[in-house]
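Here are a few exercises to help you find your way around a new structure. Try each task before reading its solution.

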Amino acid sequence: MSLLEIEALRVEFPGSDGPLAAVKGVDLALEAGEVVGLVGESGSGKSLTCRAVMRMIPEPGSITGGSVRFDGSDVLGLSTAKLRDLRAHSIGMIYQNPFGSLNPTLRVGAQIAETLKVNRGMSKKAAKDESLALLERVGIEDPEHRYRAYPHELSGGMCQRVMIAIATASSPRLMLADEPTTALDVTTQAQILKLLAAMSAEEGMAMLLVSHDFGVIAQACDRVAVMYGGHIVETGPVETIYHEPEHPYTKALLNSVPELDSAGNVQRRAALAGHPPELSDVIPGCVFAPRCEHARPGCESISMKLEKVGPAHDSACPVCPYAKANSAAERVEA
Amino acid sequence: MSDLGGEKAHLLEVEHLVKEFGVRRSVAEMVTRTKLDPHRAVDDVSFTLDRGEILGIAGGSGSGKTTMARCLIRLIEPDGGAVRVDGTDIRKHKRAELRELRRRMQMVFQDPYASLNPRMTVGAALHEAGKVHNRPGSEDEDAFVSRLLGLVQLSDRFAPRKPGELSGGQRQRVSIARALAVDPEMIIADEAVSALDVSVQAQLLNLFLDLREELGVAVLFISHQLAVIAEVADRIAVMQHGRIVEAGPTKEVFAHPKDEYTQALLRAHPHPDPRMRFAAN
Amino acid sequence: MSATPATPIEVTPAAARPRRSILGRIKRWPTSVKVGAGIVGLLALAALFAPLIAPYGPNELDPFSLLSSPSSQHLFGTDDTGRDVFSRTLYGLRLDIGLVLLVTYVPLPFAVLAGALAGYFGGWVDMIVSRLADIMISFPFIVLAIAFVAIVGPGVEGFLIAVPLAAWALYARLARAEMLVIREQPFMMATTALGYSKTRAILKHGLPNVIRPCLVYTTIDLVGNLILLSGLSYLGFGVQPPTAELGGIIAEGQGYLLTAWWIATLPGLVLVLFGVGVGLIGEGFSDRGLSRGEP
């Protein structure tokens, strides 16, 4: 039994002509201690999938289908009290905007201490001591001093560390990280990713890391699920996905990722035409077919079911245009 | 210091550019009248850009790159230094001459959603730019707009649309078309692709390269992402705390970075190949 | 190397869906706006065509039906001098709506321009406009209106002067605040980069974006001004009898509230209905973010 099992998850938003599906039947499983990346562009549904795990879909969206099981128990059917308990102790979440996620009118130390007092029932003194320990744990120097700081007095990176401290205060078994480094400088990003990887390894904490940046995913994750248009189109170990992608979208996405090695060799890349589908676009069959250079006549009637294409490697593309030997690192000359 | 005959002047020559902002004082500092040095967002920046060249400006937040870019076209007034377009210092001019100099250096901004007037159609915005500067061909609105849309690879059907109906990538193309409407010699792209999806970003990078090839437009490409700069820039200047800490051909700077900050940036770059993970510690 | 792609990007099917038709746009209005627009539209039409619809003149006397209750002859009954209350209501509505539209929308462009200039330029322009606006706003509105009426004498002139004098400040402030935000948007910076004159930047690019929230506010203002006008007339300071005006009719009917309730109540309900209609429109639009020009 996996730590987290998502099956046929469906998230919808109300639209003027009927509900619009943002997540259209997603299957995903996470084992204890595993770091899984969810990568995709706008409208892929990756962020909503992540939030669905804690039932934190923003209004007016709602989960309209499928199941989410954490440690065997059904999350979608939990009572409010049990859900709160789940969020307090078992699952933690960190977000993209480090400043917006902290209360600007409270000192950061107080915010960490609050979660300790409320969720772990600590006394005031014990909470303060533990908060200082947590600040140190997440790599904030001079914790005594920083404890009394307000969020606006700290840098983005430090606020993010505080957020991590708050989220990990109860030693959750699963951490949901929704674009945690997107708003940070690249050097800070590297530090935060290292911190998350270290905490995951030390605490045995599983992590679902959502990002649009494949570099971030590659640095931190064991497995990757690639999302497009509300569906997962490919899953597999991160190395396999990078070096031997099977789904045309994955390959195109990887081809679009800019590389330092292009320096001195400036030239056009074969870029994917068009743009990711809007919520209101209804595309029959394969959602990627309109932009796919390998599309075949049957593609408008396939379901987006994931099929096995290798050990622990699934793809939703029945066409399978690539031989296993193709390396995704090779730039495609148009 | 204009060139006398012989050697052609650089298209853009920036010399010792400075921009200071007033310091925010705490109550204690105000009461004790502590003398504080104003904060230099742009601290003695010098570089050149030649015709048809793409120069990348890299740096994190607080590096001053956006402030510097705005100083170049006097969106913000610099406090010191010179900005020369073909030898003429833009700081010394007003009104008509200023407008003409500005015409030659156009800017494309980061936010696709706020860069276009939401109440104006694409065609109207493009035509307005041409009309204000009396560009040849701007008398025939349809043909003028059609040509510009073609340059950025959009069909004519976009002309009657308003920005709200376009995707982020399409809006950026329209912003670029608007910049091209006045026949600039240089485009300053201030994080112009940073807000776009990766696949769309790749298209826009191709577009910049196409424009350089077809129109000979030079580009000052500002980005916090080194890999993006690597894809388009011939040369790169790295900024930190308002200063240029390293500059040179992109390949050279990436292969042999001399400055500590550049080295830190390169080390921190998250390589998409999982086999190249950050070395543990 | 690769050549420029031959086929240009086409407009996506979603964007190609025709959104131009007026009917289509109206259909997408929120329900509250539709209801409000319906009410206001009906009342406005009735007011406009009052001379055609009204069964009697506003001051036509029917000596055989004094204080008669509503009937098929007199829909709203008659007052103490035999005048048909329904006709008077229609004519009163006509006058009221006309005056209130005048007083709300005529000064609007000047106020919005002043505020927009203050927001765009800052400096002494802002200082002058803002200080003037602050002075006007600090006066209690009713006191101001009554003071003017006291100076100018009873009659509609007092109202017509006092209201714009006070209301401009609110619109100027609103426009200034909007402009402060718009000014920082990249598309406004682009007008400078593109070498456009400041005049063009403010009038062609700034104002159209600034005016939307102001227009939404006018719906609240309309109702307020209507109440004010009726209130002033009720107090005897506004429109003078025997001219039909809603507030005036209500004042005249006040003494008969227990015996001939229809004289004051029915015109009063019409007044309320109009206010509700306008309010629904304003609220519906601002709820949907249409004040910021979002689809």
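**Exercise 1. Find the partners of strand S7 of chain A, and work out how the chain gets from S7(A) to S8(A).**

Solution. Keep in mind that you're looking at a predicted model.

Step 1: Start with strand S8 (residues 206-211) of chain A, which pairs with S7(A) in the parallel sense over 5 bridges. One spot to look for is A:Leu174, whose bridge partner in S8(A) is A:Ala206.

Step 2: Now trace the connection. The chain leaves S7(A), passes through helix H7 (residues 186-203) of chain A and arrives at S8(A), making a right-handed β-α-β crossover.

Step 3: Look for another neighbour. Strand S6 (residues 91-94) of chain A also pairs with S7(A), in the parallel sense and over 4 bridges. Here A:Ile91 is the residue opposite A:Leu174.

**Exercise 2. Decide how well S7(A) is covered, and on which faces.**

Solution. Step 1: Count along the strand, residues 174-178: 5 of its 5 residues are buried. For this count, a residue is buried if 20 or more other C-beta atoms lie within 10 Å of its own.

Step 2: Split the strand by face. In a regular strand, side chains alternate between the two faces of the sheet. On one side of S7(A) you'll find A:Leu174, A:Leu176 and A:Asp178, and on the other A:Met175 and A:Ala177. They're all buried, so both faces are covered.

**Exercise 3. Work out the strand order in the antiparallel sheet of chain A, and name its edges.**

Solution. Step 1: Read across the open sheet of 4 strands: the order is S2-S1-S4-S5.

Step 2: Pick out the strands that pair on one side only. Those are strand S2 (20-30) and strand S5 (73-74) of chain A, the edge strands.

Step 3: Check a pair inside the sheet. Strand S1 (residues 4-13) and strand S4 (residues 62-70) of chain A run antiparallel to each other, with 7 bridges. You can spot A:Glu12 opposite A:Ser62 in S4(A).

**Exercise 4. Describe how the two domains of chain A meet.**

Solution. Step 1: Take the bounds from the domain assignment: 4-221 for domain 1 and 231-315 for domain 2. Their centres, over C-alpha atoms, are 27 Å apart.

Step 2: Count the residues in the contact: domain 1 of chain A puts in 18 and domain 2 of chain A puts in 12.

Step 3: See what builds the domain 1 side. S2 and helix H8 (214-220) of chain A each give two or more residues, and S2(A) gives the most, with 7 residues. By class, that side has 9 nonpolar, 6 polar and 3 charged residues.

**Exercise 5. Is chain B compact or extended, and which of its helices touch chain A?**

Solution. Step 1: Take stock of chain B, with its 10 helices and 10 strands. Its radius of gyration is 20 Å, close to the 19 Å from the globule rule for 281 residues, so chain B is as compact as a globular protein of that length. Buried residues account for 51% of the chain.

Step 2: Turn to the interface, where 37 residues of chain B contact 37 residues of chain A. Helices H7 (198-215), H8 (226-232), H9 (250-255) and H10 (260-268) of chain B each supply at least two residues, with H7(B) giving the most, 8 residues.

**Exercise 6. What kinds of elements make up chain C?**

Solution. Count them: chain C has 13 helices and 0 strands. Of its 295 residues, 43% are buried.

Notes:
Residues numbered from 1 in each chain as written. Chains lettered and ligands numbered in written order. Predicted model: local features only at pLDDT ≥ 70, side-chain atom pairs only at ≥ 80, totals over all residues. Rg over C-alpha atoms; globule rule 2.2 N^0.38 Å. Buried ≥ 20, exposed ≤ 12 C-beta atoms within 10 Å, placed from the backbone. Pairing = 2+ DSSP bridges. Contact = placed C-beta atoms within 7 Å. Domains from an automatic or database assignment. Nonpolar A, V, L, I, M, F, W, Y, C, P; charged D, E, K, R; others polar. Right-handed = clockwise from strand over helix to strand, strands pointing away.
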